[in-house]
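I set out to look up side-chain pairings and burial in this structure. My entries follow in the order in which I made the checks.

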Amino acid sequence: MNKEILTKLLKEENYPAHMIETTISKLNKLQPSVAKSFESWLNEGILPDFEVEGFSYRVLVNDYGMKPVGAFLTLDWLCRDPQKATLSLKKGIK
């Protein structure tokens, strides 16, 4: 993914400067299904229409107040470590 585009996006979402490189690295390592949806959203504005462990992009953005990048990173976390991620989300960690 294009570093300049991702940097601009993260700045628009008010990511602190010290987190931008790490977040770009995480975005470049997304699980394939999440990466495909992220690229579709980034390039074409298509909202993802899938769930991981009962959580969808829309739920994370609308109900948990996440910004788009945070929602995609959370979906990736749900893929990688479903038990820990689900427990944290159910406790209300945003």
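**Notebook: charged pairs, aromatic rings and two buried polar residues**

I began with Lys 3, which counts as partly exposed because its relative accessibility is 43%. The model is a predicted one, and I read each value below as computed from it.

**Entry 1: salt bridges**

I searched the whole structure for salt bridges and found four. One of them joins Lys 3 to Glu 21, with 3.1 Å between the closest N and O atoms. This pair links distant parts of the chain, as Lys 3 lies in helix H1 (residues 3-12) and Glu 21 in helix H2 (residues 17-27), 18 residues apart. I then looked up Glu 21 and noted that it is partly exposed, at 47% relative accessibility.

Next I turned to Glu 12, which forms a salt bridge with Lys 8; their closest N and O atoms are 3.9 Å apart. Both residues belong to helix H1 and are four residues apart, so about one helical turn separates them. I recorded Glu 12 as exposed, and Lys 8 likewise.

I also checked Asp 49 and Arg 58, whose side chains meet in a salt bridge at 4.0 Å, N to O. Which of these two partners is exposed, and which partly exposed? Asp 49 is exposed, with a relative accessible area of 72%, whereas Arg 58 is partly exposed at 39%.

**Entry 2: aromatic pairs**

I counted the aromatic pairs and obtained five in the structure. Phe 38 and Phe 72 form one that is edge-to-face, with 5.1 Å centre to centre and 80° between the planes. The two rings come from distant parts of the chain: Phe 38 is in helix H3 (residues 32-44) and Phe 72 in helix H5, 34 residues apart. I looked up their burial and found Phe 38 buried, with a relative accessible area of 0%. Phe 72 is buried as well, at 0% relative accessibility.

I then examined Phe 55 and Tyr 64, whose ring centres are 5.9 Å apart; their planes stand at 70°, so I entered the pair as edge-to-face. Phe 55 counts as buried at 7% relative accessibility, and Tyr 64 is buried with a relative accessible area of 17%.

Which residues form one aromatic cluster? I listed Phe 38, Trp 41, Tyr 57 and Phe 72.

**Entry 3: Ser 56**

I located Ser 56 in strand E2 (residues 55-56). I asked whether Ser 56 is buried or exposed. It counts as buried because its relative accessibility is 13%, below the 20% cut-off. Its side chain reaches the backbone nitrogen of Val 59 at 3.2 Å. Leaving out residues up to four places away in sequence, I found that Ser 56 touches Phe 50, Glu 51 and Leu 75.

**Entry 4: Thr 74**

I placed Thr 74 in helix H5 (residues 68-80), the helix that also holds Phe 72. Thr 74 is buried, with a relative accessible area of 10%. Which residues does Thr 74 contact, leaving aside its neighbours within four places in sequence? I noted Leu 60, Met 66 and Leu 89.

Technical notes. Residues are numbered from 1 along each chain as its sequence is written. Side-chain values use heavy atoms; hydrogens and water are left out. Helices (H or I, at least four residues) and strands (E, at least two) are DSSP runs, numbered from the N terminus. Buried means under 20% relative accessible area, exposed over 50%, partly exposed in between (1.4 Å probe, protein chains only). Contact means heavy atoms within 4.5 Å. A polar contact is a pair of N or O atoms within 3.5 Å; within protein, one must be able to donate a hydrogen and the other to accept it, and residues adjacent in sequence count only if both atoms are side-chain atoms. Rings of Phe, Tyr and Trp (its six-membered ring) pair if their centres lie within 6.5 Å; planes under 30 degrees apart count as stacked, over 60 as edge-to-face and the rest as tilted.
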